[in-house]
Amino acid sequence: MLSRTADNLYWIARYMERADTVARLLEVGSRISLIPSVHGYRSEWDSLLQATGIADAFAKKYGDPVQRNIESFLFFDRDNPSSVASCITAARENGRIVRTALTTQVWDALNTAFQELKALERQPRSELELSRLTEWVMRHAAMVRGAIDATLLRNDGYNFLNIGYYLERGDNTARLMDVKYYVLLPRVDFVGSGLDNYQWTTLLRAMGAQRAFHWAYGGEVTAAKIADFLILNPQAPRSLTTCVAGLANHLGRLAKSYGRETEALAKARELFAGIEATTTDGIFEEGLHEYLTRFIAEVATLAHAIHASYLSGEMR
Amino acid sequence: MSQFNEMYQGTSVRSPYARLENWVAAMPQELRSLKQAEAEALFRRIGITFAVYGEGGDPDRLIPFDMFPRVFAAAEWARLEKGIKQRARALNAFLVDVYGRGEIIRAGRIPARLVYENEAYEKAVAGFVPPKGVYSHIVGIDIVRTGPDEFFVLEDNCRTPSGVSYMLESREIMMRMFPELFRENRIEPVDGYSEMLRRTLASVAPKKCKGDPVVVILTPGHFNSAYYEHSLLADLMGVELVEGQDLFVDGEYVWMRTTEGPRRVDVIYRRIDDAYLDPLCFRPDSMLGIPGLMDVYRSGGVSICSAPGAGVADDKAVYTYVPEMVRFYLGEEPILNNVPTWQCGKSDDLKHVLANLPELVVKEVHGSGGYGMLVGPKSSRDEVERFRAKIVEDPGNYIAQPTLALSNVPTFVEEGVAPRHVDLRPYCLVGERIELVPGGLTRVALKEGSLVVNSSQGGGVKDTWVLAE
């Protein structure tokens, strides 16, 4: 397949996954805002902006983090490249470019999301409840994902889509956790406190994993359990292990069908081996923040390798 | 001016439309609105949209689709088909000739300056004969009708005529919405087009290609107004849709960048202008195009469809001479007539044009898409005078034609059904064989009385039926 086509497929997946994450963040934010805030903390909304890495851009445009502005910025604002509207538009635009590499159902799912988004944009904001908006995003993200799984040929294009999904998801999970540990909770003496647990639970909720977590672990919510769940547990659909395994799997399938091993595959395997040898004790010894920072950097290196091996058209 | 209505002759219905009268009568207003909305939703869903150059606005605008079909009887079509193929053959013979020995010019049948000084004449391909002697592989011929047997060619499109996706999708949508119509009428299918196109392109593979030729479609990209069409055709033919950046020249061949490494390309169906093909050959300032492509082309390493230089045959000034080409190369009388045309570059013609401006249609020689034209009878005195000044300033840039009484076909409008003017663009494919599917693109001027059918100027499309015998 054309390298450019592979690139477009990869970005469809990344943008849809990113839209999904942003919507989840918004839902969590509105949930936290219903709880009485604690003195001496930065606004919870502010930490969400930190999470998406766009706090500066927001401050420049709106100043103080007021809920309504944040909702606009994260959902509708085209100046924010990570807003839901930007992501869905970009995903659909990438889809339009590679229309021929998609089934009607996948295109339909992407295009319907985009057309409905335009309808939402025309509606007065006062008529739009945030929970309706976030549910809307998650539903369409799931529809695109479902159409891909149900109708697409399991060829190289399918692999590139999945590589995009897993890469974005792994990165987002790591960032969300990092925010929790670094921004939500700047003071060490809060670790293990009631507040701490509440915030962890919120994080789980953001990933739609609260119930799954209780099924898998039960009992009290602790940092160690959550780190195990979101980093090491191969059953958790958003854990770093799951994402890295997915990357290694789909890069492996590409290498097999093309009859050529690449730098990207080697890098993914190395990452997977590393995570398999990791324990929660090891993570906390290194420091959760340090561990996550390292992981995010490694994922970025892997993304570069994928680009060089397949997407740039320069064989390596 | 009496106008030919393709459905009604006085109060009687012409035979090709016989079964449509009841169909319309049996459709209540509510059902009609419902169906119209359904059609629009289908078009939007498949993503078939059209961006209008220079108008800005919604790049996802739809071309209005009219559900009332335009119908040809088998005998009517048989004659059209013969005329279209004849014209496509003559145009290609002309192209091979003017890039070769120039017999038609030596014979004094067409002025040398009109050809060799034409902007569309590519000196870079002089002396080169493309595979099978074909320059224009897809010839779109715009035809209007003024009576039961009167058809006129308005213009030829020898480069990259667009709109065939509307022919294909209009049919798909009509079959989905009105299956009963297709049971009652015996309508020739058009969905063989993509296979016919693939076969045509493969048949002109270059000399150096051994085995199955790799065909690609070259698009300017997804911002182009016809991008949907490019991707639809690529999809239907099962070939890659590439942009300039996906191709490169290495050694004697053209390659595309793929995830498995470079893959050789044999035939390029390009939907970009000559000027953007190869910056080394045409426009050194261009960032677009594939450097070195023309060298590979001239040495038989790749075929380009349409061939660079094909545009000289569809120039509006050259158009006047197409009937002459038919006589000269084929030794036949043209089956399809030209619209009488005055060339403002000739002083006698100019005089006539300026004297009769309010009754004429005036077009720019190199214009397209219905832009930069004057429809005399539909223009205010002011508009006519402003246009007169433009013609006087640069007469060679304009041609004029009488305002034709274009035929009408019933069309769904706000108040019900009313006659609207139509034209026809069939797509003739030229490779080893000359073929065309029974059908084409019917464009309709939706505004009452309007003669401009261009989609960029408020035109719509209709499904075009050719009935089986």
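Tutor: Two strands pair if at least two bridges are found between them. The model considered here is predicted.

Student: What makes β9(B) and β10(B) a pair, and in which sense do they pair?

Tutor: β9(B) and β10(B) are joined over five bridges in the antiparallel sense. The requirement is at least two bridges, so the criterion for pairing is met. Within these strands, B:V254 lies opposite B:V265 of β10(B).

Student: Why is one side of β8 and of β10 of chain B left without a neighbour in the sheet?

Tutor: The open sheet consists of three strands in the order β8-β9-β10 (chain B), with antiparallel pairing. β8 (247–250) and β10 (261–265) of chain B are at the edges and have a single partner strand each, so one side of each remains without a neighbour. On average, neighbouring strands of this sheet are turned by 45° against each other, direction ignored.

Student: How many residues does each chain bring to the contact between chain A and chain B?

Tutor: Chain A provides 18 residues and chain B provides 18 residues. On the side of chain B that touches chain A, the elements giving two or more residues are α2 (29–46), α9 (227–237), β7 (240–242) and β9 (253–258) of chain B. The residues of that side comprise eight charged, six polar and four nonpolar.

Student: What are the domains of chain B, and how many Å separate their centres?

Tutor: The domain assignment gives domain 1 (8–336 + 404–466) and domain 2 (340–402) of chain B. Their centres, taken over C-alpha atoms, are separated by 26 Å. The contact between them takes 12 residues from domain 1 and 11 residues from domain 2 of chain B.

Methods:
Residues numbered from 1 in each chain as written. Chains lettered and ligands numbered in written order. Predicted model: local features only at pLDDT ≥ 70, side-chain atom pairs only at ≥ 80, totals over all residues. Contact = placed C-beta atoms within 7 Å. Helix = DSSP H or I, 4+ residues; strand = E, 2+ residues; numbered from the N terminus. Nonpolar A, V, L, I, M, F, W, Y, C, P; charged D, E, K, R; others polar. Domains from an automatic or database assignment. Axes fitted to C-alpha atoms, helices over the stretch in contact; angles between N-to-C directions.
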